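Thanks for coming. I have one structure to go through today, and I will keep to what can be read from the coordinates.

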Amino acid sequence: MSKINKICKNCVSDTSIQNIKFDKDGICQYCKIHSELEKEFPLDHSSLDKLKSIAKKIKNDRKKSKYDCIVGISGGRDSSYLLYIVKKILNLNPLAVHYDNGFDTETSTSNILNVCSKLNVDLETKVADWETFKKITRSFFLAGVSDPDTPTDIGIFKTMYEIAYKEKIKYVFNGHSFRTEGVEPLDWTYMDGLYVKSINKKNGKNNLDKFDNFTLFDLIKFNILGGIKTILPLNYVEYNHDEVQKILTDELGWTYYGGHHHESLLTKFVVSYYLPNKFSIDRRRTGLSAMVRSGKIKKIDALKVLEKKPKVDDEKYLKDYILDKLDISDKEFKLIMQMENKNFRNYHTYYSYFKNFGVFAKFLYQLGFIPKLLYLRYYGKD
Ligand SMILES: [Zn+2]
């Protein structure tokens with residue numbers, strides 16, 4: 001991390017993000033991506049109608065399946081609210097899919113069950129092969145990289161598409177909102193199947209057969225052969241955290257779990273302990289930047305939030321629990337914390353291929369197979 005901290009003139013993104021770029025006016029690249037998405041998904045009196053007409057088309061297109069779409073559910077706020085919108089506002093018949101990596105909190109598990117049962121939505125849970133998942137996640141920590149929750153994200157992604165393919169469902173709905181979540185920098189979290197393979201090769205050589213990896217072959221299979229498209233419905237609706245939590249609590253028996261992404265103990269440990277202490281990365285910066293851009297919080301107030309380090313009450317217990325569960329000894333963890341900070345750029349990935357296949361990726365996003373946000377995250381703004 002650079003000693004001289006430079007911060008975006010507009011949001012709270014700064015040089016704790018490696019490779020962040022600022023234009024001549026001091027505006028960061030993530031603000032530009034936000035403006036681009038704002039142009040495509042403007043919030044006005046007609047945005048909900050646009051979403052409803054997409055839903056109508058999805059319903060009309062449904063032929064071979066009982067379900068209109070897949071909604072991935074974690075028990076967290078965003079995915080629970082997405083399921084609510086899909087069922088109550090859009091009147092679609094979704095299949096909720098959960099990927100259980102062994103780190104769900106009791107609250108998230110009961111949230112998933114309550115939300116699905118109150119909304120009368122079918123739920124399919126895929127339980128990750130624990131031994132394989134543990135070894136791969138352990139390898140990510142041993143590799144000293146900033147995204148040890150990448151195996152989880154890949155598992156979720158693969159599971160949603162695999163079930164969609166099997167059930168002949170043409171749409172996967174994603175609960176991301178660029179207005180509240182923002183764009184996660186690639187240098188903080190990066191996701192591809194080759195990255196998993198190369199970290200595994202260097203730090204474990206475990207058998208990956210039982211891991212739900214997502215390869216380029218999968219991308220082609222699910223997008224081109226399966227014709228599965230991804231939709232981000234929350235981009236079309238006004239999203240206020242407090243109001244949403246009230247709806248979820250009052251109507252669906254949902255409970256708040258104390259912090260953003262704390263519905264998983266692994267993610268809670270990564271964002272509140274591992275990243276701030278080893279990398280000086282505060283992942284709240286991404287969401288706060290997004291909320292500054294969309295006028296949900298003032299920049300000065302976002303900076304105040306960031307001044308207080310992300311802390312959890314049960315830090316020591318949480319750390320011991322995670323390390324014990326992943327078979328990481330105290331000695332190994334000390335070495336991990338002291339070793340050079342790394343990320344996907346230190347390992348073999350599809351990134352260089354992606355860079356060469358920009359035209360193909362643009363084609364995929366223009367046809368609706370990959371979200372514009374994902375395209376912009378990898379390729380930046382033209
Ligand atoms: Zn910015």
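I will start with the overall fold, then take the sheet, one proline and one pair of helices.

First, a caution: this is a predicted model. The protein has 17 helices and five strands. On overall dimensions, the C-alpha trace spans about 55 × 50 × 45 Å along its principal axes. For 382 residues, a compact globule would be expected to have a radius of gyration near 21 Å, and the 20 Å found for the protein agrees with that. Of those 382 residues, 42% count as buried. If you take the contacts with a separation of 6 or more, 77% of them come from residues 24 or more positions apart.

Now the sheet. In what order do the five strands of the open sheet stand? The order is β3-β2-β1-β4-β5, and the pairing is parallel. β3, residues 122–127, and β5 are at the edges with a single partner strand each, so one side of each has no neighbour in the sheet. From one strand to the next, the twist averages 30 degrees.

Going through the strands, β1 covers residues 69–72, and both of its faces are covered. Cys-69 and Val-71 on one side are buried, and so are Ile-70 and Gly-72 on the other. β1 pairs with β2, residues 94–100, in the parallel sense over four bridges. Within that pairing, Ile-70 has Leu-95 in β2 as its bridge partner. β2 itself is mostly covered, with six of its seven residues buried. Helix α6, residues 150–166, lies across β1, β2, β3 and β4, and runs at about 145 degrees to β2.

Further along the sheet, β4, residues 171–173, pairs with β5 in the parallel sense, over three bridges. There, Phe-173 stands opposite Ile-231 in β5.

Phe-173 comes up again with the proline. Pro-233 lies in the loop between β5, at 229–231, and α9, at 241–252. Is Pro-233 buried or exposed? Pro-233 is buried, because 24 other C-beta atoms lie within 10 Å, and the cut-off for buried is 20 or more. What is Pro-233 in contact with, leaving aside its neighbours within four places in sequence? The list is Leu-51, Leu-82, Ile-85, Val-86 and Phe-173. Ile-54 is also worth a mention: its C-alpha atom is separated from that of Pro-233 by 9.5 Å, although the two are 179 residues apart along the chain.

Last, the helix pair. Two packed helices are described by the angle between their axes and the distance between the axes. Here the pair is α5, residues 130–142, and α7, residues 193–203, with axes that come within 9 Å and cross at roughly 80 degrees. That crossing makes α5 roughly perpendicular to α7. Which residues of α5 and α7 meet? From α5 there are Ile-136, Ser-139, Phe-140 and Leu-142, and from α7 there are Val-196, Ile-199, Asn-200 and Asn-203. By type, the residues of this contact divide into five nonpolar, three polar and no charged.

To recap, we have a parallel open sheet of five strands, a buried proline in the loop after β5, and a roughly perpendicular pair of helices, α5 and α7. I will take questions now.

How values were computed: Residues are numbered from 1 along each chain as its sequence is written. This is a predicted model: local features need pLDDT of at least 70, side-chain atom pairs count only at pLDDT 80 or more; totals for chains, interfaces and linings use all residues. Axes are lines fitted to C-alpha atoms, for helices over the stretch in contact, and angles run from 0 to 180 degrees between N-to-C directions. Helices (H or I, at least four residues) and strands (E, at least two) are DSSP runs, numbered from the N terminus. Angles under 35 degrees count as roughly parallel, over 145 as roughly antiparallel, 65 to 115 as roughly perpendicular and the rest as oblique. Two residues are in contact if their C-beta atoms, placed from the backbone, lie within 7 Å. Ala, Val, Leu, Ile, Met, Phe, Trp, Tyr, Cys and Pro count as nonpolar, Asp, Glu, Lys and Arg as charged, and the others, Gly among them, as polar. The radius of gyration is taken over C-alpha atoms; the globule rule is 2.2 Å times the number of residues to the power 0.38. A residue is buried if 20 or more other C-beta atoms lie within 10 Å of its own, exposed if 12 or fewer, and partly exposed in between; C-beta atoms are placed from the backbone. Two strands pair if DSSP finds at least two bridges between them.
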